[in-house]
Amino acid sequence: MSIERLKRIDDNRLEVPADYKTGMRTKGIIYVDNILEKELEEESIEQVANVATLPGIVGASMAMPDIHTGYGFPIGGVAAFDLKEGIISPGGVGYDINCGVRLLRSNFKKDTVVPKLKELIEALYNEIPSGVGSKGKIRLSPDDEEKLLLKGARWAVEKGLGDVSDLEKIESGGCLEGADPSIISQKAYERGRSQQGTLGSGNHFLEVQYVDEIYDEKIANALGLFKNQITVMIHSGSRGFGHQVCTDFIEVMERAIQKYNIALPDRELACAPFNSPEAQDYFAAMKAAANYAWCNRQCLMHWTREVFMSVFNVSPIELEMTLIYDVAHNIAKVEEHIVDGKKKKLVVHRKGATRAFPPGHPDLPVVYRNIGQPVLIPGDMGRASYVLIGTDKAMKETFGSTCHGAGRVMSRHQAIRQAKGRAIWREMEDRGIIVRAAGRETLAEEMSEAYKDISNVVEIVHNAGISLKVARLRPLGVIKG
DNA sequence: ATGTGC
């Protein structure tokens, strides 16, 4: 097994041949150019091949340029399965169910915010609960929690956190139908109760940014973006709740593979036939966790708006901090795609991959119907983030998917070692970026050098045509967990 | 990612 056995399809794609490994039902395709090809881990190639052995896989086992090794499935992976012959797997979604990103616009320009940046970041840090195991200002009764799991972001809006108009700018309207609170474990309920409305830790962040480059004027304009404008990006997920749901169902799936006699090259691929009770229970629990995450990002956004209004003493109308979009990048969804010329429903797993639906798709908000789905790609805290737009080519090639972020090049441990004796916060401040982090080692783990250059990643998906660059955002201030 | 792992 090695990289020499991969075949270059074109400048942006490598093929993992179907004979790379015994049991593969289809080939693998990895979106990398000859630069990021060098960063490919052998283990993650193996994982792309492993996914190709799963029953009912449709099309190729795919991976985006931010691929790295994950639990069973690679992070950056996209895999679609037939509803009758295929499976669903918690490892294909990931531990942080519906980890995702939302982007807010504003009427402010860089010049207005920079003089008050320290005060702003301090205020945001005080208002946004962050860090491992952090508790929020929301305390849920068991009844509240159940409603939240059914309603998603709408639950927060009904509590006065945000506006109804926010909902249409969230993927799936901020709520997946069919969540079932009755199959959530007590443990998950307990962990979820105090963590709603918290940022989390690791690569989760809240970032104040400015638009530094526009690649597509027409689309940027349609999204309400302009040069030097202040934007806010929020990257968070379903916290301990989603983590517990994943843990609970990996156990269920480990029994299911015995019961249904599914042979796997790696037990971390544990799964169940999509139409089995085990799979349907996982899917309904995953939806509950997805709804928990959308509600979480909705709460974080609301407090962000409040902080901006208070620090700059402006009204909502003056600020016009509207939601541009909210994407999920760890999720499984039933979607309609064209397979061999025919419309077919599939269960698409995106694990560290972002949906990138094209112009005209019925699932897009009416206001974006003509331009396509906004794709939000966070980079590391020192470099940049990107806004892209979904394309027809993505729909044809990748089941409407693209990359989700930079992807690590250093393990957390390696990063901590490299950062020893350095003051990362000061290095950042020297570059004009104010950072505040809850965890003692978070800044070391999250420093720029620990990640691939996001520009390289985005260049590949842009050149491959599976999403197109609209704007680049530079960080000014960051809140980390 | 995570009431962080051996």
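Where does histidine 404 lie? In this predicted model, histidine 404 is placed in the loop between β17 (401–402) and α13 (412–418). I begin with this residue because of its annotation and its accessibility: the UniProt record, an unreviewed entry, lists His404 under "active site", and histidine 404 counts as buried because its relative accessibility is 12%, under the 20% limit.

Let me describe the surroundings of histidine 404. Setting aside residues up to four places away in sequence, histidine 404 touches Asp66, Ile75, His329, Gly352, Ala353, Thr354, Ile377 and Pro378. With one of these, aspartate 66, there is a polar contact between side chains, at 2.5 Å.

Another of these residues, threonine 354, deserves a closer look. Threonine 354 belongs to strand β14 (residues 354–355), and it is buried, with a relative accessible area of 0%. Beyond its neighbours within four places in sequence, its contacts are Val327, Ala328, His329, Val375, Ile377, Gly400, Ser401, Thr402, Cys403 and His404. A polar atom of the threonine 354 side chain lies 2.7 Å from the backbone oxygen of cysteine 403. Valine 375, also in that list, is 21 residues from threonine 354 in sequence, with a C-alpha to C-alpha separation of 7.0 Å.

I turn now to the DNA. How many residues surround DNA strand B? There are 16, and the closest are Val132, Arg191, Gly202, Asn203 and Arg239. By residue class, this surface divides into two nonpolar, nine polar and five charged. On the side of the strand, 54% of the atoms of DNA strand B within 4 Å of the protein belong to sugar or phosphate, and the rest belong to bases.

Three side chains may be described individually. For serine 201, a polar side-chain atom is found 2.9 Å from a phosphate oxygen of DNA strand B. For arginine 239, an N or O atom of the side chain is 2.5 Å from a phosphate oxygen of the strand. For histidine 243, the partner is a base oxygen of DNA strand B, and the distance from a polar side-chain atom is 3.4 Å. The elements contributing two or more residues to the surface near the strand are α7 (186–193) and α9 (239–259). Of the elements, α9 gives the most, with four residues.

Arginine 239 is also of interest for its backbone. The residue is located in helix α9, and its phi is positive, about 55°, although it is not a glycine. Is arginine 239 buried or exposed? It counts as buried, because its relative accessibility is 12%, and the limit for that class is 20%.

A second positive phi occurs at asparagine 313, where the value is near 50° in a residue other than glycine. Asparagine 313 sits in the loop between α10 and α11 (316–319). This residue counts as exposed because its relative accessibility is 68%, where exposed means over 50%.

Next, the nonpolar interior. The largest nonpolar core comprises 85 residues, and those with the most contacts inside it are Ile88, Leu120, Leu124, Ile184, Val245, Met286 and Phe308. Helix α10 (residues 277–312) gives the most to this core, with 19 residues. A second, separate core has 81 residues, including Tyr325, Val435, Ala437 and Ala444.

Phenylalanine 308 links several of these topics. Apart from neighbours within four places in sequence, phenylalanine 308 is in contact with Phe108, Leu120, Leu124, Val208, Ile230, Val232, Asn313, Val314, Leu319 and Met321. Leucine 319, one of these partners, lies in helix α11 and is buried, with a relative accessible area of 2%. Leucine 319 and phenylalanine 308 are eleven residues apart in sequence, and their C-alpha atoms are 8.0 Å apart. With neighbours within four places again left aside, the contacts of leucine 319 are Ser106, Asn107, Phe108, Arg305, Phe308, Met309 and Val314.

I close with helix α1 (residues 42–51), which is mostly covered, as seven of its ten residues are buried. The buried residues are Ser44, Ile45, Gln47, Val48, Ala49, Asn50 and Val51. What covers them includes β2 (13–16), β3 (28–30), β4 (57–68) and β5 (75–82).

Definitions and conventions
Residues are numbered from 1 along each chain as its sequence is written. Chains are lettered from A and ligands numbered from 1 in the order in which they are written. This is a predicted model: local features need pLDDT of at least 70, side-chain atom pairs count only at pLDDT 80 or more; totals for chains, interfaces and linings use all residues. Side-chain values use heavy atoms; hydrogens and water are left out. A residue is near a molecule or strand if one of its heavy atoms lies within 4 Å of it. A polar contact is a pair of N or O atoms within 3.5 Å; within protein, one must be able to donate a hydrogen and the other to accept it, and residues adjacent in sequence count only if both atoms are side-chain atoms. Ala, Val, Leu, Ile, Met, Phe, Trp, Tyr, Cys and Pro count as nonpolar, Asp, Glu, Lys and Arg as charged, and the others, Gly among them, as polar. UniProt positions are given in the numbering used here, feature names are shortened, and annotations may be inferred rather than shown by experiment. Buried means under 20% relative accessible area, exposed over 50%, partly exposed in between (1.4 Å probe, protein chains only). Contact means heavy atoms within 4.5 Å. A nonpolar core is a set of buried Ala, Val, Leu, Ile, Met, Phe, Trp, Tyr and Cys residues joined through side-chain atoms within 4.5 Å.
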